[in-house]
Amino acid sequence: MNQYIAVDIGASSGRLILSHIEEGKLKIEEVHRFENGFQKINHHDRWNIDALIREIFIGLEKVKAMGVEKAYLGVDTWAVDYVMVNKDREKIADPISYRDQRTQHSMDQLTSKVSKESIYEKTGIQFLELNTLYQLYAENKKLLKKADKLLFIPDYIGFVLTGKQVTEITNASTTQMLNLRSALFDDELMEIVEVTNDLFAPLTDPGQVLGVIQERWKDQFDIPEITVVTVASHDTASAVVGVPSNTDKNWAYLSSGTWSLIGIESSVPINSHEAFQHNFTNEWGAYGTYRFLKNIMGLWMVQEIRRLSEDGLGFKEMAELANQVPNFQSVIDVNDPRFTNPDNMIEEIQLACKESKQPVPETTGELVNCVYSSLAKSYDLELKNLEKITGKTIEQLYIVGGGSNVKKLNQLTADLTGKEVYAGPSEATAIGNIVVQMIAAKELTDIKEAREIIRESFEIERFHSKKTKGV
């Protein structure tokens, strides 16, 4: 029986999930979970990448202790951030977080040199200040000149594990530097940020075997024999692979977690003028697909409310309090940059409500309801924009990821959109990671078979639209 390990790391936590197929169903088990977050170091918000890698080895030792001697492994993480590596193949510095303030004016400065229309026509990627393009524009040029390679977070982890350097395309596409036509990094954009093509390792597709784990790690840790597969390494790309969709109907997905990403899976990019106007993105997906979607602020806002609150409540209790508050009392623009990384999320939400002359949320329930109501309104708006741009009527919306457990938000989304809403699996990202490994190992034939087994293996909850008052 083949064993598969998903290393799935998000902005607030990471986990190792062990999986195999048993009696025609996927079995998954969380083996190790750990916290993640950035810290202010040398004037920048940085990720402790070495600590994350140590946690991976701790998890692998747990897998070995369970009796697993041999396994496949894939890594997915968030996108756009990177590690610079010198000619000695050593990390130059800990990676800076996309939430760092260094890119605050980079997009305006760069787009004064080349128009947004031109960039979108080349890349089809949504304009966000956190994109790698603007990070590189703001990067310390002395450090950048020392870099032999720039590796995105999952690619760097894969490099540490195997010694092999690649640039996986689903993550590379989020940089806003990959040209839709040439399928290479765009020369004009690279010139503006003062890098050349040889800074990037060779591009590779999801589902390729990267290599076996280096012997030196087996000398230091009691871990299984590991074959690393390059999966859809952008966590949203893996989450979309893990959507248990019914291909007989027009469906959209909502990957709900720290960020909310709502879109469709397309066989061709859609970089029309209308898509540009609505700031939709064409991130590359697994198996020749494109993720035509809109990035929306997500449950990061609730995470910050919890962090700043003194009541010590968990997310479930916070959701229950939100359920006791009338919906849509206060609605904010969740995509306003002011909510990306404010000093105090609670105060920022309250200030936004005060400025717009709405009731100011004070209690935890009111604050969380404000976020849920605002997210649901944003989902409805962007789903309508999606239908307008594509000319398709969406019949089903699949909500996957950690946010699929938030029944209150799922119901609000069903009420506003009027769509058939299906929630789950919550571990879609890890599941998508795993099934790409399984396809690479030839235990599954293709993504169609993968989605069939996902539907059979996990409970999917349906939400029916109810008449909503006060919207």
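Author: A contact here means heavy atoms within 4.5 Å. The model is predicted.

Reader: Thanks! Which residues does Gln-437 touch, not counting those up to four places away in sequence?
Author: Gln-437 sits in helix H17, residues 428-440. Its relative accessible area is 0%, which is under the 20% cut-off, so Gln-437 is buried. Setting aside residues up to four places away in sequence, its contacts are Tyr-4, Ile-5, Ala-6, Tyr-72, Leu-73, Gly-74, Val-229 and Val-231.

Reader: Let's look at helix H1, residues 49-65. How far apart are its end C-alpha atoms?
Author: H1 has 17 residues, and the expected span counts 1.5 Å for one less than that number. That gives 24 Å, and the model agrees, because the end C-alpha atoms of H1 lie at a separation of 25 Å.

Reader: How wide an arc around the axis of H1 do its buried residues cover?
Author: The buried residues of H1 are Ile-49, Leu-52, Ile-53, Ile-56, Phe-57, Gly-59, Leu-60, Val-63 and Lys-64. They are on the same side of H1, because the arc they cover is only 160°. An α-helix has 3.6 residues a turn, so residues three or four places apart point the same way. To come back to your question, the arc is 160°.

Reader: And which residue takes a positive phi just after H1?
Author: H1 covers residues 49-65. Just after the helix, a phi of about 100° belongs to Gly-67.

Reader: Now helix H16, residues 407-417. How many of its residues are buried?
Author: The buried residues of H16 include Lys-408, Asn-410 and Asp-415, along with Leu-409, Leu-412 and Leu-416. Elements that cover them include helices H13 and H15 and strands S17, S18 and S19. The helix is followed by Gly-418, with a positive phi near 70°. Of the 11 residues in H16, the number buried is 10.

Reader: On to empty space. Which element gives the most to the lining of the largest cavity?
Author: The whole structure holds 2 cavities of 30 Å³ or more, and the largest has about 90 Å³ of space. Among the residues lining the largest cavity are Pro-154, Asp-155, Gly-158, Phe-159, Val-228 and Val-229. Two elements, helix H6 (153-162) and strand S12 (225-230), give two or more residues each. With 4 residues, the top contributor is H6.

Reader: How do the residues of that lining, in the largest cavity, divide by class?
Author: Val-75, Leu-210 and Thr-230 also belong to the lining of the largest cavity. The division is 8 nonpolar, 3 polar and 1 charged.

Reader: Which helix gives the largest share of the lining of the second largest cavity?
Author: The second largest cavity holds about 30 Å³. Its lining is Ala-237, Val-240, Val-241, Glu-265, Gly-285, Ala-286, Thr-289 and Arg-291, and by class this makes 4 nonpolar, 2 polar and 2 charged residues. The largest share, 3 residues, comes from residues 235-241, helix H10.

Reader: Last one: which residues lie nearest the centre of the second largest pocket?
Author: That pocket has a volume of about 610 Å³, and strand S16 (residues 290-297) gives the largest share of its lining, 3 residues. By class, the lining has 10 nonpolar, 9 polar and 7 charged residues. Out of 26 lining residues, those nearest the centre are Glu-129, Asn-335, Asp-336, Pro-337 and Thr-340.

Notes
Residues numbered from 1 in each chain as written. Predicted model: local features only at pLDDT ≥ 70, side-chain atom pairs only at ≥ 80, totals over all residues. Heavy atoms only, no water. Buried < 20%, exposed > 50% of the residue type's maximum accessible area, 1.4 Å probe, protein only. 1 Å grid on protein atoms, 1.4 Å probe; cavity = no way out; pocket = protein on both sides within 12 Å on 5 of 7 lines; lining within 4 Å. Points joined across faces, edges and corners; volume = space filled by probe spheres on them. Nonpolar A, V, L, I, M, F, W, Y, C, P; charged D, E, K, R; others polar. Arc of directions from axis to C-beta.
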